Amino acid sequence: MVTQFKELWNSLGANQRISLILAAGLVVLAMIGMMVWAAQPDMQLLYGRLSPDEAGKIVAKLEQKGVPFQTGSGGNSIYVDASQVHRLRMELATEGIPAGSGPGFELFDEGSFGISDFVQRTNFLRAVQGELSRTISQFDGVNSARVMVVMPENRLLSSREGRDRPTASVFVEAGSGLPISTVNSIRHLVANAIQRLNVNDVVVVDSLGTVLSEELRSDGMGGGMTNDVMRYRKSLETYFTGKVQTMLDRVLGSNQSEVRVAVDIDTESVQTTEKIFDPESQVARSTVADENSQIERESTGGTNGGSAGVAANTPNPIGAGPTGLKEREDKNKTRTENFEINERIVSSVRNPGSIKRLTASLFVAKRFETVDGKSEPVNRTPEELDELRDIVINALGIQLSPGQLSSDFITVKEMVFAADPFEDHGKLLREEADFQRWIELGKNGVGAVLGIGVILFFIQMLKRYKPEQISIEVLQPEQMLQTKKMEDTSVVTPEMLNELIRQKPANIGVSLREWIGDEVGKK
């Protein structure tokens, strides 16, 4: 192989050798570029949205550890090699960096001898706030958080009722709006971490100054149209709307219908107490019987005695005795009976939240049919619209009373829908995502393709420049003798040159070309 390369190299001219050297240099440079590009580390975000103080501490630690890093625009983000991101985060976390969320219970790692009770309570409150801030920062969508808790003073007597309860404020920085479920989770997390803290006393505020927890405040379902009732109504409307919409999408297709359900909720809280007497059901409670007996006696005597009156002034009849006796007996009986009448007390409580009425509005997109090469809308028949109305009625569970019509509860309208503005945008996003994916694939293979292309170009160039074939005639024996005589003499005479030119002019031409090429190569 080496011998063939030497023969090929010797057979090339000066221009061919220069071209070959330049091509080889290009190949070497391309390979070096590929190696440098492949050796560059994959930098990944270590921490972002850092304050200058926190960024300076992290940079100092990375320089101390000898870890290469890059800073993003603005200096509030730091990038390191992707293979070291998780290890560095754990190492920095053990050193309390970054400490933007405040200290936690590591405040009590050191001894607390000689610290007053006030400072101890303050450190405990700081530790709780720091731990809550760290926990809330781990929620999806929350970049950073800070918790501030106000604890009332321990007093024997409270001046005002309700002022001795703790309160808490949570500041969150989120990249986008937090969902209600996340805000509610933050409120309950803080409320359960602080003793005697009511969930309604936890306020969540975002970086835009919006009170996220305002609509979550609960004053009870008995307060009329409170936030609880509104949320309950909204949840019912969302549930019924989704229930009907998913069914219509299966029947009509996606984006071919739009339904809205309105729920009328009873917001009154009624407590009723009834006292019912049943006179037919009597029970004897007590019986009292009183019996009185009275006896009277009356007697009459002579003139010398007796009572005054007519009988006393009347002479005694013939045969009458000297005296008279009269008796009277009276008896009185009283009976009293007391009866208990059956009594029933019924207490009932009706809480708000019962559904009084359900109504719905349904918009259906018109169908399009191709007529003579043009797409034109076609109206549905009344029977088809009635079928859709019946579907919605049954899905909502509405029971029609005698004399009621389904159109009293469900309104169905057919019209042409507006074009979806996000349809083309979504298509562009998909095309851009595909384009980016092809760019990444091309980026990985462009180096290899470039190297292979340079090598193929080099091979083709070598095949193109073949060694020049030189025809040298063989001298005859008598010519060889004459040449031998000329070689014996060390001095080249003009006669000798003339003889050589006369014998073989082609050989002299080849010798002159080689001589000229050697001179150019030396220069």
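Which residue of β12 does F368 stand opposite? In this predicted model, the residue opposite F368 is P377. I shall begin with the hairpin to which this pair belongs, and then turn to two helices and one aspartate.

The strands concerned are β11, residues 367-371, and β12, residues 374-378. They run antiparallel, and 5 bridges join them. Between the two strands lie 2 residues, which completes a hairpin. In the turn, D372 has a positive phi of about 55°.

Let me move to helix α3, which covers residues 52-65. This helix has 14 residues, and from the first C-alpha to the last it reaches 20 Å, close to the 20 Å expected at 1.5 Å a residue. Which residues of α3 are buried? They are E54, A55, I58, V59 and L62. Viewed down the helix axis, these buried residues fall within an arc of 130°, and therefore they line one face of α3. On the other side of the helix, P52, D53, E63 and Q64 are exposed.

What covers the buried residues of α3? The cover includes three strands, namely β1 (43-47), β2 (69-71) and β3 (78-81), together with helix α4 (85-94). After α3 comes G66, whose phi is positive, near 75°.

The second helix is α6, spanning residues 180-193. With 14 residues, α6 reaches 20 Å between its first and last C-alpha, again close to the 20 Å expected at 1.5 Å a residue. Its buried residues are T182, V183, I186, R187, V190 and A191; I draw attention to the arginine in this list, R187. The elements covering the buried residues of α6 include helix α5 (117-137) and the strands β5 (167-174) and β6.

Strand β6 leads to my last point, the aspartate. D206 is found in this strand, which comprises residues 202-206. Is D206 buried or exposed? Its relative accessible area is 15%, and because buried means under 20%, D206 is classed as buried. Where does its side chain reach? The side chain of D206 reaches the backbone nitrogen of T210, at 2.7 Å. Leaving aside residues up to four places away in sequence, D206 touches F171, V172 and L212.

To summarise, the hairpin of β11 and β12 has D372 in its turn, helix α3 has its buried residues along one face, the buried residues of α6 have β6 as part of their cover, and D206 in β6 is buried. Thank you for your attention.

Technical notes. Residues are numbered from 1 along each chain as its sequence is written. This is a predicted model: local features need pLDDT of at least 70, side-chain atom pairs count only at pLDDT 80 or more; totals for chains, interfaces and linings use all residues. Side-chain values use heavy atoms; hydrogens and water are left out. Helices (H or I, at least four residues) and strands (E, at least two) are DSSP runs, numbered from the N terminus. Buried means under 20% relative accessible area, exposed over 50%, partly exposed in between (1.4 Å probe, protein chains only). A polar contact is a pair of N or O atoms within 3.5 Å; within protein, one must be able to donate a hydrogen and the other to accept it, and residues adjacent in sequence count only if both atoms are side-chain atoms. Contact means heavy atoms within 4.5 Å. The expected span of a helix is 1.5 Å times one less than its number of residues. The arc is that of the directions from the helix axis to the C-beta atoms. Two strands pair if DSSP finds at least two bridges between them.
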